[in-house]
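Me: Please take a close look at one loop position in this model and then work outward from there to the rest of the fold. I would like a single connected account rather than a list.

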Amino acid sequence: MKIFVLCILYLLLTACSTVPHRIPSSKQKRLLVFGKSNRPAHMHIVPGAITHLVRHFQQNGFEAVGSQELISLTKESLSSFDGIVFVDVSNGILNDEHKNAVEEFVSQRKGLLLIHASIAAGNDWRWLKEMIGTSFLDHPPIQQAKVSLTTNDQHTVIRLPDVWSQSDEWYNFTSKIGDDFSILATVDESSYLGGKMGNHPITWSRKDLKQKVWFTAMGHEESLYAEYEAPFMKHILNAALWATSSFEQQGTTD
Ligand SMILES: [Zn+2]
């Protein structure tokens, strides 16, 4: 009888130890950090931003690779990655083959993070515009503003304060963000001049996890990428964990 009880206890303990951790692991996850801009405002930012993001991801357990070469965006090249991070990818950079490769990547339930001016890639790419849900309108001069998290989602909030201050180019958009998206952070329009959105989303992701697409309008200045302990870089790190984590850990909308 004693042995029977011990066996039951052992089975219970082993079952408990196999419950997945709440925070997903970055181990063995491969990220491609791709940046390419044809705009003078961003061309000089891209190389440094890629270098910092790759280093930041590597320091946090990811296998990260940086690239400004379009050859990285073929189906074959992308097949070894779990997530893609776009840094300031301009309108007109990608051809149909690259676009198809990225669309197929996302259809395989792999994550796509889009940073700052990458929203412009949706100007000539209907699929991407739909994934982001709006387009760039304009922005006031670079200035300090307050960012607030607007979700309790575990992937978004880890390591971050509820509110932080940051100097950036605060984008306005051509339309409101629809119900297909989870708003993850907003910028407080009373904390700077030139906001036109009212309740102003600044980071959001698609609700339907069949398309793990995440966008932040923040990230204009190269110096933001160099501060690994500041909220902006932690915000992106959290998104990379979200983008590369399995659906079993996140729940599914199926
Ligand atoms: Zn910018």
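Reply: Asp 88 lies in the loop between β3 and α5 (96-107). The model is a predicted one. The phi angle of Asp 88 is near 50°, a positive value in a residue other than glycine. Most residues other than glycine have a negative phi. Asp 88 counts as buried because 27 C-beta neighbours fall inside 10 Å, where 20 or more are needed.

A second positive phi can be set beside it. Arg 109 has phi near 65° and is likewise not a glycine. This residue lies in the loop between α5 and β4. Its surroundings give another class: Arg 109 has 13 other C-beta atoms within 10 Å and is therefore partly exposed.

The two strands named so far belong to one sheet. Nine strands make up this open sheet, in the order β2-β1-β3-β4-β11-β10-β9-β6-β7, with mixed pairing. Its edges are β2 (63-67) and β7 (163-168), each of which pairs on one side only. On average, neighbouring strands of the sheet are turned by 25° against each other, direction ignored. The chain as a whole has 10 helices and 11 strands.

Start at the β2 edge. Strand β1 (residues 30-35) pairs with β2 in the parallel sense, over five bridges. Within that pairing, Val 33 has Gly 66 of β2 as its bridge partner. Two loops that flank these strands can be compared. Ser 26 is in the loop between α1 (2-17) and β1, and it counts as buried because it has 20 C-beta neighbours inside 10 Å. Apart from neighbours within four places in sequence, Ser 26 is in contact with Asn 60, Gly 61, Phe 62 and Leu 241. Ser 26 and Glu 63 are 37 residues apart in sequence, yet their C-alpha atoms are 8.4 Å apart.

The other loop is the one between β2 and α4 (75-78), where Ile 71 is placed. Ile 71 has 9 other C-beta atoms within 10 Å, so it is exposed. Its C-alpha atom is separated by 8.5 Å from that of His 98, 27 residues away along the chain. For the chain overall, 74% of the contacts between residues at least 6 apart in sequence join residues at least 24 apart.

Further along the sheet is strand β10 (residues 200-206). Seven of the seven residues of β10 are buried, so this strand is largely enclosed by the rest of the structure. For the whole chain of 254 residues, 40% count as buried. β10 has a pairing with strand β9 (residues 181-187), antiparallel and joined by six bridges. It also pairs with strand β11 (residues 213-216), again in the antiparallel sense, over three bridges. Thr 203 takes part in both pairings: it is the bridge partner of Ala 185, and it stands opposite Thr 216 in β11. β10 and β11 form a hairpin, with six residues between the two strands.

Which helix lies across β3, the strand before the Asp 88 loop? α9 does; it lies across β1, β3 (83-87), β4 (111-115), β7, β10 and β11, and runs at about 160° to β4. Helix α9 (residues 231-244) has 14 residues, which at 1.5 Å a residue should span 20 Å, and its end C-alpha atoms are 20 Å apart, in agreement. Of these 14 residues, 13 are buried, so the helix is mostly covered.

Nonpolar residues tie these elements together in a core. In soluble globular proteins, nonpolar side chains tend to be buried together. The largest nonpolar core here has 64 residues, and Val 33, Val 85, Phe 86, Leu 113 and Ala 240 have the most contacts inside it. α9 gives the most to this core, with nine residues. Ala 240, leaving aside neighbours within four places in sequence, is in contact with Leu 31, Phe 57, Phe 62, Gly 83, Val 85 and Leu 113. Phe 62 is also among the contacts of Ser 26.

To return to the starting point: Asp 88 is a buried loop residue with a positive phi, in the loop that follows β3 and leads to α5.

How values were computed
Residues numbered from 1 in each chain as written. Predicted model: local features only at pLDDT ≥ 70, side-chain atom pairs only at ≥ 80, totals over all residues. Buried ≥ 20, exposed ≤ 12 C-beta atoms within 10 Å, placed from the backbone. Helix = DSSP H or I, 4+ residues; strand = E, 2+ residues; numbered from the N terminus. Pairing = 2+ DSSP bridges. Expected span 1.5 Å × (residues − 1). Axes fitted to C-alpha atoms, helices over the stretch in contact; angles between N-to-C directions. Contact = placed C-beta atoms within 7 Å. Core = buried A, V, L, I, M, F, W, Y, C linked by C-beta atoms within 7 Å.
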